[in-house]
Amino acid sequence: MKRIVLALLFAFVANASAAMLSYTAYSKKSQKDADQLALDGLAKQLRSKVESEFAVTTTEDAKGNISETVSSKKKVSTNIVIKGAKLTAGAKQDGKFVSTATVDTEQMASKIRVDLNTINDKMKELDKIIRSDILNGDYRKMTLDMIDLEKQADEYVLNLENLSCLQKIPPELKLETTLGKLMEFVVGNMAALKMETDLTSEALMVTITDVAGPVEYFPIALTQDNKDLAHEKTNAEGVAIFPLAQVKKKKPTGEVTVHADLNFKYVRKSDFITQTVSYSSEKSACTFRLMCDGPTEACAAMQKYLNDAGIPTLDKDGLQQISVKLSTVDKMNSNKSLCTSRVTAVMQAGKAQLTIDAQGVGRDRDAAQVKAVTKLNATKIYETFGKACK
């Protein structure tokens, strides 16, 4: 009987010892420096423990090729250790400050699991609220609740990463499992939404409806060249109104993508209600003859860009001239794979003058200059020269 008790006691002590880690550090500077060194040393010790537990698997195929797979590689930071470590200052030794950092990894893991459960409960409650928001057609409140959910999810991910430095994570704790069904619900219900667009001479009208009729407070965004131009919410009639100036913010002639402004990190963007709207500006009151002073490729790009901006050009005698002087500053990156070019355009037609610049990136100087020309503010060009006729 004594042997059994002793064996159990020995096993308990061994397990406790395995869970406890400590590191003693010394510093000539200060006690604070010794404390920090002790925490850093404890983090390194924990990192070594983790790396040994998450082993590398070596495999060899039929052809004799050998490959290694790391099941999980974790970087243990001092921040993780600080949360559960206990610092004990020791007596000075040879004029050096002494500090010992100790941590119980099992206790730390247990605390993180409690925090995860608390956060998970909050997310479950928000899950119910968001579902109710959608069923009630209250997309304004749904947006706010989604933002709150993302904050909780970010905290959950951080705690899960900390826990993964202490033990292997079971599948049921992963965030994808927690939010997967909510994502399906959001996407499935929003598939019933319909979008209609109407481009008038003054604005782009976007109407959102569902089976119950107009949807109020639904967020809509206009995107062009992968950048958002404007954001609006639908009114009581389910209509979001974008003035034409917003539509033509970057380009007087072109197209914009109209989509739901619901690009949440943990619930994928609702891109199933998306439309592309093409628009164009009135042509200039007259046609110009372009006189371009600058690199050949950049001048060719400038001519096309003027036409796209509503300023038609022809190489024909007798037409009013629009002169453009292009100056560039070009710089290749360190490995000569990309060039950055800043182009300044000094433009004049009659009494109308304009100086604008833009920057572009390309595989070489010519490509970078052409890219920069296409980024010049076409709206300003049209506003300056669209009526600058003799």
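1. A residue counts as buried when its relative accessible area is under 20%, as exposed when it is over 50%, and as partly exposed in between, with a 1.4 Å probe and protein chains only. By this rule Cys 339 is buried, with a relative accessible area of 2%. The model is predicted, so that local features need pLDDT of at least 70 and side-chain atom pairs count only at pLDDT 80 or more, while totals for chains, interfaces and linings use all residues. Residues are numbered from 1 along each chain as its sequence is written, and side-chain values use heavy atoms, with hydrogens and water left out.

2. On the disulfide. The count comes to 1 disulfide (a pair of cysteine sulfur atoms within 2.5 Å). The two partners are Cys 292 and Cys 299, whose sulfur atoms are 2.1 Å apart. Because the torsion about the S-S bond of Cys 292 and Cys 299 is about -80°, this disulfide is left-handed. The two cysteines fall into separate accessibility classes: Cys 292 is partly exposed at 27% relative accessibility, whereas Cys 299 is buried at 11%.

3. On strand β14 and its surroundings. Helices (H or I, at least four residues) and strands (E, at least two) are DSSP runs, numbered from the N terminus. Strand β14 covers residues 288-293 and holds Arg 289. The side chain of Arg 289 meets that of Asp 317 in a salt bridge (a side-chain nitrogen of Lys or Arg within 4 Å of a carboxyl oxygen of Asp or Glu), with 2.7 Å from N to O. This pair links distant parts of the chain, since Asp 317 sits 28 residues away from Arg 289, in the loop between α8 (296-308) and β15 (320-332). Asp 317 is exposed, with 64% relative accessibility.

4. On strands β16 and β17. A further salt bridge joins Asp 357 to Arg 342, and the closest N and O atoms of this pair are 3.6 Å apart. Here too distant parts of the chain are linked, with Asp 357 in strand β17 and Arg 342 in strand β16 (residues 339-349), 15 residues apart. Each partner is partly exposed, Asp 357 at 43% relative accessibility and Arg 342 at 36%. Strand β16 also holds Ala 349, which is buried at 1% relative accessibility. The C-alpha atoms of Ala 349 and Leu 290 are separated by 9.6 Å, although these residues are 59 residues apart along the chain.

5. On helix α4 and the salt bridges as a group. The total comes to 8 salt bridges, and one of them joins Arg 131 to Asp 127, with the closest N and O atoms 2.4 Å apart. Arg 131 and Asp 127 are 4 residues apart in helix α4 (residues 105-135), which means that about one helical turn separates them. The accessibility of this pair is uneven: Arg 131 is partly exposed, with a relative accessible area of 24%, and Asp 127 is buried, with 14%. Elsewhere in the chain, Asp 133, Lys 141 and Asp 145 are linked in a network of salt bridges.

6. On the charged surface patches. Lys and Arg count as positive and Asp and Glu as negative, while His and the chain ends are not counted. Patches use residues with over 30% relative accessible area and no salt bridge, with like charges joined within 9 Å and nonpolar side chains (Val, Leu, Ile, Met, Phe, Trp, Tyr) within 5 Å; a charge is placed at NZ of Lys, CZ of Arg, CG of Asp or CD of Glu, and areas come from the Shrake-Rupley method with a 1.4 Å probe, only the protein chains shown counting as cover for residues. A negative patch is formed by Glu 297, Asp 330, Asp 364 and Asp 366. Among its members, Asp 364 lies in the loop between β17 (352-362) and α9 (365-373) and is partly exposed at 31% relative accessibility. A positive patch is formed by Lys 227, Lys 249, Lys 250, Lys 371 and Lys 375. Of these, Lys 371 is found in helix α9 and is partly exposed, with a relative accessible area of 41%.

7. On backbone angles that a reader may wish to inspect. Asp 225 has a positive phi of about 55° although it is not a glycine. Asp 225 is found in the loop between β9 (219-224) and β10 (227-233), and its relative accessible area of 55% makes it exposed. Lys 336 likewise has a positive phi, near 60°, in a residue other than glycine. Lys 336 is found in the loop between β15 and β16, and it is exposed, with a relative accessible area of 60%.
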